[in-house]
Structures are given as C-alpha cells and as structure tokens.
Amino acid sequence: MAFHLKVSKGAASGEEYSFADEARLGRTADNDVVVRDQAASRSHARVFEQDGRYFVEDLGSANGTKLNNAAVKQAKELKNGDSIIIGDTVFRFELNLDQTMVPAASSTMDEGAAESDDPNATRLPKRATPVAPPRKAAATPDSTNADDDEPVADDVPDSTGETDDEPDSTGDDADEGLQGESVNSTMFVNVPKPKALEQRASRGAAQRPPRGNGTDRPSRGAAAIERPSRARAIAPKEEVDEDAIELTAAERARMRRQLNQSAGGRVQLLWQDLPKGARALLAIFGTLLLVGTVGLAGYVAWPRQRVTRPEPRSFPADGALIEDSFGVGDVTYTTSDQKAFTFAAMSPVRIVGVLHYQAANISADEVTINLNGQDLGVVPPDNIDVESREVEMVLPAATLKPRDENLIVFDNVRNPPGSDEWKIWNLWVEIIPVPEMSADEARRRAQTEIDKASKDWELREVGAPNLFRAWKTYREAWLLLEATPDAPPELITLSRTRMKEIRPELDRKCNAMIVKFKSIVNTRPDAFAEGRQVLENIPEHFPTREHPCFGFSRSLLRTMDGFDDFEAAGAPPTE
C-alpha cells in the first residue's frame, strides 16, 4: 500500500509526493523530500512502513518534528489524514486506498483471434479443397518471379527427352499434385536474386541465344519467357567476374537519389564531387583542426598550481581585504561544501560588525551564512551587476564575542551531494565599537546623527563628499540602534530607509567616474595621466572604504602603477 505526502502549509504549498515504503525529509537535495524551511535540518525526519503500518520518526533534528502538534520523541504510528509539522511547513499523510486488483489474463484463447492477431503464431496447414485449377495454371510464375533465370522443374526434360509441360491425363493425379503443393509449395515467395546475378543477367541478356531444340514451342502463360540453357548457366569464371562489373547510369542515379535522402549521404555526395586536390587540402585542414582542438583541450584540462601561498582561513586583524576567491569553478581555492573564517575583535565595549563580500554563480537559498553557530541569512542570488555588486550583512552585537574568537561560515547546502558552482571573494569585516548606553541615550544620539545626515543630504550638490557623508551618517545611526536593546523601532526604520535611498545615487556616481576613466584609456592610449587623475579624484567623493568605489579606485591605480613600471623597465635608453 503506497502513501502520499501533501504540503498543506509552507513554501511549497500544494505539492504532493508519492512513495511506496519510505520517505526521508530534510533541507538538502539528497533527501526524498526537500523541505524549504529555515527550521529544517539537513536530515530531519523519515516516514517508513513496518508490518503493514506506517510510522514517522525524527532523525535528531535541531528544531524537532511534530505529529498533530505533538512532539515526536520516538517513532509514532501514522493514521490517514495526520499532519507532520517541520517548522512552518505542514505535510498531510494520506494512504493510497484506491488500489484495485487487475484480473489475470485467461489461459483460454480463441483460436480464430489468435490466428488473426498474432503475426508470429505457428499455423498448421489446411488440406486443400478437392476443387482446384489445373496444375499448369498453378505452375505459372506470378509477376514477382517473372524474371527468374533458373529453369523450373516442368521445363527439365526427362530421360526420354520429353518435357513435362502437359498435365497428366488423369484428373486424380492432378488433384493429388495440387494438394501436395498447397502445403509445401514456395513458388509464390518473392526471393530476390543476388546483385551479381542481376547485373550478369542484364549484361548478357542481349547476347544469350534463344532456348530450344530446333523447333518453336508455345509460350507458358500470357507472355513467353526466355530461359538460358543449362549449358549457358554454367559459364566460365572469366565471363562472370563480379569485380569487373560496372554500374550502369541508371544504377548510379538510383544510388545518388538514395544518398540525397539523408544529411550524411549529401555530405558523401559533396565529397565525391570534389576534385582530388580539394579533397587532399580538406583532409590536411581537418587533421590540423583536430590536432589543435585536442591540444587546446589538453592544455585547459592539464592540472596546474594556481597559487603557492597557504589558503586564508582568518580575516586580517587590521580589516584588510581578502581578494582571493573561494568555492567551486573558476576560483583561487576550491572549497566545494563550505568556507569558514575566524576573526578576533578585541574591544572593551560592545561591538557591532558588518560583513562585506562579493558573490557570483549562486541561486536563491543556496548558500547560508552562520555566525558563531547562529544562522544570519542567505547569500542573495545573482543579478546583472554581480561582478561589481558588494553585499553587506550586519553581524549582531548579541551574537559577536568582543574579547574572543568569532567564526563565520559560508555553507553551500547543495554540496554535497551535488557539485554546484559558487564563488565568494573580496571579503572583509568592519568592526564598530558601541559604547554602553541605555535605550534613551541611544535614541538621543541616533536622533542627533540623523539630523546631521539630513543637513548633508540637503547640501549634496554643494560639496563632493556631502552625499557620501549623509549616507555614512545614516548608516552609523542605524548600526548604533541595531546594537542597542529596546531601541526605538521608528528610528531604526527611518535611518535604514534613508540609507537605502541614498545608496543608488552613490552607485551611479561611482559608475560614471569608472566609465569616464575607461573611455579615456581605451580611446586614447597615450592619455594615461588623464585617466590616473580621474581615479585620484574618486576619494574626494568616497573618502573611506565603506562604499566599494574607494576600493575599486585603489585597485585600478595599483594596476596602472604596475603598467607604468613595465613601460619604464622596457623603455629604450635615452642619449
């Protein structure tokens, strides 16, 4: 008896799964049912059959499993219609009670039906009816064998020199002969001759002498059929050499028509129509192309050491950027399942942190972020600006350890058992000390920061750094409130909303300056000094590294410095 699990509540509401005897439920893809719920563990629960009864069992999950709102501590029996609850997801257990027995096929078969329906059945011959046409008419070949070159038995002369063309004088003998042929005769089976015999017959048809013994004989049937004599059928080998047979024009045309019916045949015809010189050139070109393709594939697949330094496993104490990439695919260090970083924040007061990173080749709910054993959320999926997008995630003060080692884990929940590509790079942690203060003090200080940010926003067109300063001040007020217990929620919402409204304008300003730099160096290679000046002006608009534009400009300047050093080293000496 099979059973069904139907999602009656949760992210996959309405989906239904059918199983025969067991189903495993969990967060990862190696389960029979993937539970898209934050409370689900990798291997959460299972439903199984034992002695005709069905049970649900929790597999040591972190948040537990419920059966009809009762916690499952050990295997509990299921009834039709019970609810299995994992976090906010509810599965309805239903037994398949509609199975019907299929009647077995009867062993008795109708002879007439078997004879007409089964083309491979063995049929016993039936005796011929006594009324039959004369033997001479039955011996006449049909149109399918009208061109046979072999003599028939009736045309072979007997020992007296007479042929057996005429029927016997007695009708009983004729009937008896016909009755025997009705069972065993194969004269109506069309057996095609070998090609060599057909070609030999077509070549020698005009040269064969007429058959006979010197006297004209009447034709058999409606048309006379000329047959070669027995002496002519046994010809010397040199006269029927099959290797020397050439195809006629009609046969060549027929072969071309057959080849034209398929793509491979058309290619073969095109190859046959090419001159010998063109065939040789194409063969040489194809060989070189094949060798080059194999060589390129071998070069790409050949394992090579990408880096020689050890893999970074902790964030630098000075908050420096980790530019290496981690994950699966085109990355510096391959970490298929998860990547962990440690960092220490030595501070005498409370702290709040911000994790900065870039990510690519990631789909929704694929990679989760965990801080000191607590889930913080998931990495957002890719968008069109994935190569220039920087992602920020707040590290709550309640979860951070100010005077101890902290652990951040990027966990790809699909690997294993899968091997999906994913990539993170350009990581750094921003630590912000938060003085101990009450909720009222935090509110007053945050309100002061918000007022100052509003003035900078009003003067954003007057000074270059005002727009960035307004965004940063709103951001500091928001982080202060996030680190303060019982902070006013309205101020948190105001500061975070204004910060998100200003961020797109900062991104547009940064992109415009980067595009201006690229247009200068790409269209005028001799204007590197002008392009450098554009990059050196970026810190006027983005003074600190909270916005990624500051880091982009520093990276491009380092690249230009390396190019300048290369040109200086390769420049010819001046007299």
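## Exercises on strands, spaces and helices

Ser83 stands opposite Arg92 in β11. Keep that pair in mind for Exercise 1.

Before you start: this is a predicted model, where local features need pLDDT of at least 70 and side-chain atom pairs count only at pLDDT 80 or more, while totals for chains, interfaces and linings use all residues. Residues are numbered from 1 along each chain as its sequence is written, and side-chain values use heavy atoms, leaving out hydrogens and water.

**Exercise 1. Work out the order of the six strands in the open sheet that holds β11, and find which strands stand at its edges.**

*Step 1.* Get the terms straight: strands (E, at least two residues) and helices (H or I, at least four) are DSSP runs numbered from the N terminus. Two strands pair if DSSP finds at least two bridges between them.

*Step 2.* Read across the sheet: the order is β2-β1-β11-β10-β7-β8, and the pairing is antiparallel. At the edges you meet β2 (16–19) and β8 (70–71); each has a single partner strand, so one side of each has no neighbour in the sheet.

*Step 3.* Look at both partners of β11. Strand β1 (residues 3–9) pairs with β11 (residues 89–95) in the antiparallel sense over six bridges, and here Lys6 is opposite Arg92. Strand β10 (residues 83–86) also runs antiparallel to β11, over four bridges, which is where the pair Ser83 and Arg92 turns up.

*Step 4.* Check the turn. The hairpin of β10 and β11 has two residues between the strands, and Gly87 there takes a positive phi near 65°.

*Step 5.* Walk out to the β8 edge. Strand β7 (residues 66–67) and β8 are antiparallel, with two bridges, and Leu67 faces Ala70 in β8.

**Exercise 2. Now do the five-strand sheet: what is its order, and is the pairing mixed or antiparallel?**

*Step 1.* Going across, you get β4-β3-β5-β6-β9 in an open sheet, and the pairing is mixed. The edge places belong to β4 (33–34) and β9 (76–77), each with a single partner strand, so one side of each is left free of a neighbour in the sheet.

*Step 2.* Zoom in on one pair. Strand β3 (residues 22–26) meets strand β5 (residues 45–50) in the antiparallel sense over four bridges, with Glu22 set opposite Phe48 in β5.

**Exercise 3. Find the largest cavity and the second largest pocket, and say what lines each.**

*Step 1.* Fix the terms. On a 1 Å grid over the protein atoms alone, a cavity is a set of points where a 1.4 Å probe fits but cannot get out, and a pocket is an open set with protein on both sides within 12 Å along at least five of seven lines; lining residues have an atom within 4 Å of a point. Points join across faces, edges and corners, and a volume is the space filled by probe spheres set on them.

*Step 2.* Take the cavity. There is one of 30 Å³ or more, and the largest cavity has about 50 Å³. Its lining is Val7, Ala11, Ala12, Val34, Val35, Arg36, Thr89 and Phe91.

*Step 3.* Now the pocket. The second largest pocket has about 670 Å³ of space. It is lined by 23 residues, and Asn426, Pro548, Gly551, Phe552 and Ser555 are the closest to its centre.

*Step 4.* Ask who supplies the lining. At least two residues each come from β20 (422–434), α11 and α13 (548–570), and α13 gives the largest share, eight residues.

**Exercise 4. At what angle do α10 and α11 pack, and which residues make the contact?**

*Step 1.* Helix α10 (residues 466–482) and helix α11 (residues 489–523) pack at about 150°, with axes 8 Å apart. Axes are lines fitted to C-alpha atoms, for helices over the stretch in contact, and angles run from 0 to 180 degrees between N-to-C directions.

*Step 2.* List some contact residues (heavy atoms within 4.5 Å): α10 brings, among them, Phe468, Trp471 and Trp478, and α11 brings residues including Ile492, Met499 and Leu506.

**Exercise 5. Which peptide bonds next to Pro416 are cis, and where is the positive phi of Asn361?**

*Step 1.* One cis bond joins Asn415 and Pro416, with omega about -20°. Another joins Pro416 and Pro417, with omega about 10°.

*Step 2.* Place them: Pro416 is in the loop between β19 (405–412) and β20, and Pro417 lies in the loop between β19 and β20 too.

*Step 3.* Asn361 has a positive phi, near 60°, although it isn't glycine. You'll find Asn361 in the loop between β15 (350–360) and β16 (367–371).
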